[in-house]
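Hi everyone, thanks for coming. Today I'd like to walk you through one structure, step by step. Have a look at it first, and then we'll go through it together.

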Amino acid sequence: MAPEAPGRGGASTASRASPPDPLLAIEGLDVAYGDVQVLWGVTLAVGRGEAVALIGSNGAGKTTLLRAISGTVPVRRGRIRFRGGDVTALPPDRRVRLGVAHVPEGRQLFAGMTVRENLVMGAYSRRDDAAALAADLEGTFRLFPVLQERRHQLAGTLSGGEQQMCAIGRGLMARPALLLIDELSLGLAPVVLERLVEAVRAIHGAGTTLLLVEQDVLTALDIAGRAYILANGRIVLAGESALVRESDLVREAYLGI
Amino acid sequence: MPALLEGQALSRRFGALPAVDGLDFAVEPGEILGVIGPNGAGKTTLLNLISGLLPPTAGEVRFRGEAITGRAPHVIAAAGIARTFQVVKPLRGLTVRENVALGAMFGRVAERRPTRAALAKADEVLAFVGLAERAGAPVGALTIADLKRLELARALAMDPLLLLLDEVMAGLNPKEVGWVMGLIQEVNRRGVTILMIEHVMKAIMGISHRVLVLHHGRRIALGSPQAVSQDPAVIEAYLGRRYAKGSGVGA
């Protein structure tokens, strides 16, 4: 049930910028929707405590990659290891229990439930006691005070920024080792986004490993220490954020030239 | 030389959403015009307006100087505009060869053929796209790459003057993409004007003579692939506002 102890030598196929003892290690991943293959031989690794960005234009396969990690799309070929154990064939709920939480694109809150109920749903798979849950709820409210103010409000009535906070809070309530965030910036005003970027930094600072999908390149590079660029379902560039920021390959990956 | 195809203030709304919003454009005879833009930019809607699948809510489309706005798809096909579809839908009960022959029977009116000649045309086109050995196969037996070739073959069999391509490279591996790029260039070299939508940026930037960039249904740039890839408005649309500001290419 429990994953094996963190293995050694898991980084043999990863790129040179990748960590020696990855929390998440993906090797040669192919994912297809029917006849249409979306990911082609994707290999990447995320080390414990890292914040890693996954950037690339629409249709590059970023969301699909996050879905493969959380187990919400099947994998055609390749392997996903989490905390040293092979999770490729595990259903999503088992992965949540192992410590993978997914904040999906478009938030996907339970619109007819209150903010508090949404947050508690994030802890659905946890087996610990009510006191631990209450403490984590407190922690989430400290991070996003507005959620406490609105805890009895229906999630569907929140503003876009508040919904994103609620979605991130719900993810945190699973006590993840790895938090996957899909399109933090989607539809948010710059000032609201700034507030969320701060919160995500704080989550990372408190020890949660992050894998962040983002279309807005600089927002992603602001948060992450390393980045992978996807183009047409393949990793075309990986490296430290500072180097990626300066690279012409970013524009090339998006614009082809 | 007058434009082969022209759009004037072309608009299409879906409810409150303007998918194509007062667009002016021209396709010059003999060129490959690439149309790019983030998801939801209005690219496929534009193709649907040109090929008659959708009537515009305002504006005009002219082909060879003549208004074709709102005409039925088969009338537009008879005038010499053929298209492919992003989601291919060959006739499942027919063979590969028969599917392509239908194109030769219902394409540009001046080039329409009776059955036997249409089948001969199908064989010629299938050889051209590299599908000759699959001619007798039921279409259900084709791979996605071969289905894309079939889609292209059906349109080519119509002997179009203008060929509209909607993401013919989606789902192909890099080798297949390279091969299709060569094929499109060869079609163009033989005199067919091409307007193409493509998400595989290396491909569309690699073979287009000019690139039209759409965002929220409007034109944000038009020019050589090199020029549009350096355009701050294009960089902002694809990479984000702050990236465009910091990239030192304007703004």
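Let's begin with a term we'll need: two strands pair if DSSP finds at least two bridges between them. Keep in mind as well that this is a predicted model. With that in hand, here is an example: B:V35 has B:L212, a residue of β9(B), as its bridge partner.

Which strands does that belong to? Strand β3 (residues 32-36) of chain B and strand β9 (residues 210-215) of chain B run parallel, joined by four bridges. Now stay with B:L212, and look the other way. In β10(B), its bridge partner is B:L222. Here β9(B) meets strand β10 (residues 218-223) of chain B, and the pairing is antiparallel, over five bridges. What do β9(B) and β10(B) form? They form a hairpin, with two residues between them. In the turn sits B:H216, with a positive phi of about 50°. As a general reminder, in a regular strand the side chains alternate between the two faces of the sheet.

Let's move over to chain A. There, an open sheet of six strands follows the order β6-β7-β8-β3-β9-β10, with mixed pairing. Which strands are at the edges? They are β6 (100-103) and β10 (234-240) of chain A, each of which pairs on one side only. From one strand to the next, the twist averages 15°. Inside that order, strand β3 (residues 51-55) of chain A and strand β9 (residues 226-231) of chain A pair in the parallel sense, over four bridges. One of the residues to find here is A:A53, whose bridge partner in β9(A) is A:A227.

Still in chain A, please find A:S125, in the loop between α3 (115-122) and α4 (130-143) of chain A. Is A:S125 buried, exposed or partly exposed? A residue needs 20 or more other C-beta atoms within 10 Å to be buried, and 12 or fewer to be exposed. A:S125 has 16 C-beta neighbours inside 10 Å, so it counts as partly exposed. Leaving aside neighbours within four places in sequence, A:S125 is in contact with A:D93, A:V96, A:R97 and A:A174. For a sense of distance, the C-alpha atoms of A:S125 and A:I55 are separated by 30 Å, and these residues are 70 apart along the chain.

Next, the place where the chains touch. The contact takes 17 residues from chain A and 21 residues from chain B. On the chain B side, the elements giving two or more residues are α7 (201-207), α8 (225-229), α9 (232-239) and α10 (241-246) of chain B. Which of them gives the largest share? It is α7(B), with four residues. By type, the chain B side divides into 12 nonpolar, seven polar and two charged residues.

Let's pause on α9(B). Its buried residues are B:V234, B:I235, B:A237, B:Y238 and B:L239. They lie on the same side of α9(B), because they cover an arc of only 165° around the axis. After α9(B) comes B:G240, with a positive phi near 105°.

Finally, a word on confidence. The model scores ipTM 0.73 and pTM 0.79. Chain B has a mean pLDDT of 93, and 97% of its residues reach 70 or more. Among the elements of chain B, strand β8 (residues 193-197) has the highest mean pLDDT, 98, and α10(B) the lowest, 72. Where pLDDT is low, the predicted coordinates should not be read in detail. Thanks for listening!

Key: Residues are numbered from 1 along each chain as its sequence is written. Chains are lettered from A and ligands numbered from 1 in the order in which they are written. This is a predicted model: local features need pLDDT of at least 70, side-chain atom pairs count only at pLDDT 80 or more; totals for chains, interfaces and linings use all residues. Two residues are in contact if their C-beta atoms, placed from the backbone, lie within 7 Å. Ala, Val, Leu, Ile, Met, Phe, Trp, Tyr, Cys and Pro count as nonpolar, Asp, Glu, Lys and Arg as charged, and the others, Gly among them, as polar. pLDDT is the predictor's confidence in each residue, from 0 to 100. The arc is that of the directions from the helix axis to the C-beta atoms. Axes are lines fitted to C-alpha atoms, for helices over the stretch in contact, and angles run from 0 to 180 degrees between N-to-C directions.
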